[in-house]
Structures are given as C-alpha cells and as structure tokens.
Amino acid sequence: MSTLNTTGKVTKSKLRVGRGIGSGKGKTSGRGVKGQKSRSGVAIKAFEGGQMPLYRRLPKRGFNAIKRYQSSIAIMNLEKIQSYINEKTINASDTINITLLKKLNLINKNSEKLKILGTGDIKDKIKIEADLISKSAVIKLEKAGGTIQLKK
C-alpha cells in the first residue's frame with residue numbers, strides 16, 4: 001500500500017500573470033493582441049460568432065409546478081422520537097400524534113399529515129397515531145413492543 005508524498009509541496013501556487021516578459025505570461029498576460037477578448041470587462045458567454053445561439057435554437061419546454069402536498073407532510077424519525085422521550089419533552093405513555101407534536105412545537109403548525117420513518121432505534125413502548133409510516137419503522141416499533149395506528 002502506498003502513502004501520499006507529504007514531503008514536497010502539495011498545492012501549486014496561482015500563476016501571477018502580467019509580471020514581466022521573463023515569466024512567460026507577461027505583457028499581454030496570455031490574452032493575445034488587441035481585439036474584444038483582450039480587453040477587461042468582456043464576457044461573451046453564449047455568443048457563437050453570429051450563429052443562432054443554442055439557447056435560442058431550442059424551444060422552451062415545461063414549467064415547475066408548485067408541489068404543495070409535499071411540504072404539508074411532517075416527517076419524524078424514530079431516533080428523533082426517542083431523543084424527545086429521553087429529554088422528557090414527550091412522555092412515553094402518551095399517544096404520539098400530529099396534534100401533540102404541533103402543541104409541543106416539534107413540527108410545523110401548517111403540517112397536515114404525519115409520516116414516521118425508521119432511521120435510528122426506539123427503546124420505549126410507545127403508541128403512535130400517524131397518516132403514513134415506513135416498513136422499517138413498523139418493524140422497529142413492533143420489536144420494541146409499541147403500537148401504530150394509521151389514520152385513513
């Protein structure tokens with residue numbers, strides 16, 4: 001297995017242009033002689049020498065729909081619920097639902113649905129009332145002895 005050579009200089013210093021003929025990038029600083037591109041403050045980004053530019057040749061298509069329904073679903077991971085129980089923000093004997101989480105300011109008050117995801121582990125027996133739940137969350141909840149009630 002080879003290791004990186006740390007003895008030599010790892011990063012190359014920036015080339016300082018316009019610092020004398022002897023540097024190799026002096027006088028015109030690699031910009032050539034005369035012309036629009038030799039001057040400062042020139043940016044010809046999509047110019048194609050008079051040919052119709054690509055962004056004008058291709059038709060405009062589609063639009064971005066506002067995805068309202070996505071933002072209205074509050075997401076809660078099992079590890080987050082466990083941390084709230086450990087901090088005693090949530091009581092383990094309570095039924096965890098969207099109204100409780102909104103009341104404690106743990107989710108956005110504009111959320112319409114609650115989804116439970118299975119990241120992390122849960123140690124306590126808890127009762128959850130949610131609209132959506134992932135398969136991994138169901139498995140972990142049942143292993144811990146908790147119950148889940150899905151709203152229709």
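Asn77 stands opposite Leu117 in strand β3, and this pairing is a convenient place to enter the structure. The model is a predicted one, in which local features need pLDDT of at least 70 and side-chain atom pairs count only at pLDDT 80 or more, while totals for chains, interfaces and linings use all residues. Residues are numbered from 1 along each chain as its sequence is written, and side-chain values use heavy atoms, with hydrogens and water left out.

**The two sheets**

Helices (H or I, at least four residues) and strands (E, at least two) are DSSP runs that are numbered from the N terminus, and two strands are said to pair if DSSP finds at least two bridges between them. One open sheet has three strands in the order β1-β3-β5, with parallel pairing. Its edge strands are β1 (73-77) and β5, each of which pairs on one side only. Between β1 and β3 the parallel pairing extends over five bridges. Helix α3 lies across β1 and β3 and runs at about 70° to β1, where axes are lines fitted to C-alpha atoms, for helices over the stretch in contact, and angles run from 0 to 180 degrees between N-to-C directions.

Another open sheet is formed by three strands in the order β2-β4-β6, again with parallel pairing. Here β2 and β6 are the edge strands, each pairing on one side only. Strands β2 and β4 pair in the parallel sense over two bridges, and Thr95 stands opposite Lys127 in β4. Strands β4 and β6 pair in the parallel sense over four bridges, with Gln149 in β6 as the bridge partner of Glu129.

In a regular strand the side chains alternate between the two faces of the sheet. Along β4 this alternation can be followed residue by residue: Ile128 and Ala130 point to one face and are buried, whereas Lys127 and Glu129 point to the other and are not. Buried means under 20% relative accessible area, exposed means over 50%, and partly exposed lies in between (1.4 Å probe, protein chains only).

**Helix α5**

Helix α5 spans residues 135-144, and its buried residues are Ala137, Leu141 and Ala144. Seen down the axis of α5, these buried residues fall within an arc of 65°, so they line one face of the helix; the arc is that of the directions from the helix axis to the C-beta atoms. An α-helix has 3.6 residues a turn, so residues three or four places apart point the same way. On the other side of α5, Lys135, Ile139, Glu142 and Lys143 are exposed. The buried residues of α5 pack against α3 (78-86), β3 (113-117), β4 (127-130), β5 (132-133) and β6 (147-150), where contact means heavy atoms within 4.5 Å. After α5 comes Gly145, whose phi is positive, near 95°.

**Individual residues**

Most residues other than glycine have a negative phi, and most peptide bonds are trans. Ser29, although not a glycine, has a positive phi of about 60°, and it lies in the segment before α1 (54-57). Lys88, which is also not a glycine, has a positive phi of about 65° and lies in the loop between α3 and β2 (95-96).

Ser72 is placed in the loop between α2 (68-71) and β1. Ser72 touches Ser111, Glu112 and Lys113, not counting residues up to four places away in sequence. Glu112, in turn, is placed in the loop between α4 (98-103) and β3. The C-alpha atoms of Glu112 and Phe47, which are 65 residues apart along the chain, are separated by 49 Å.

The accessibility of these four residues is set out below.

| Residue | Relative accessible area | Class |
|---|---|---|
| Ser29 | 22% | partly exposed |
| Ser72 | 9% | buried |
| Lys88 | 71% | exposed |
| Glu112 | 48% | partly exposed |

**The annotated span**

In an unreviewed entry, UniProt lists residues 76-148 for "domain: Large ribosomal subunit protein uL15/eL18". UniProt positions are given in the numbering used here, feature names are shortened, and annotations may be inferred rather than shown by experiment. In the model, the end C-alpha atoms of residues 76-148 lie 14 Å apart, and the span is 34% helix and 23% strand.
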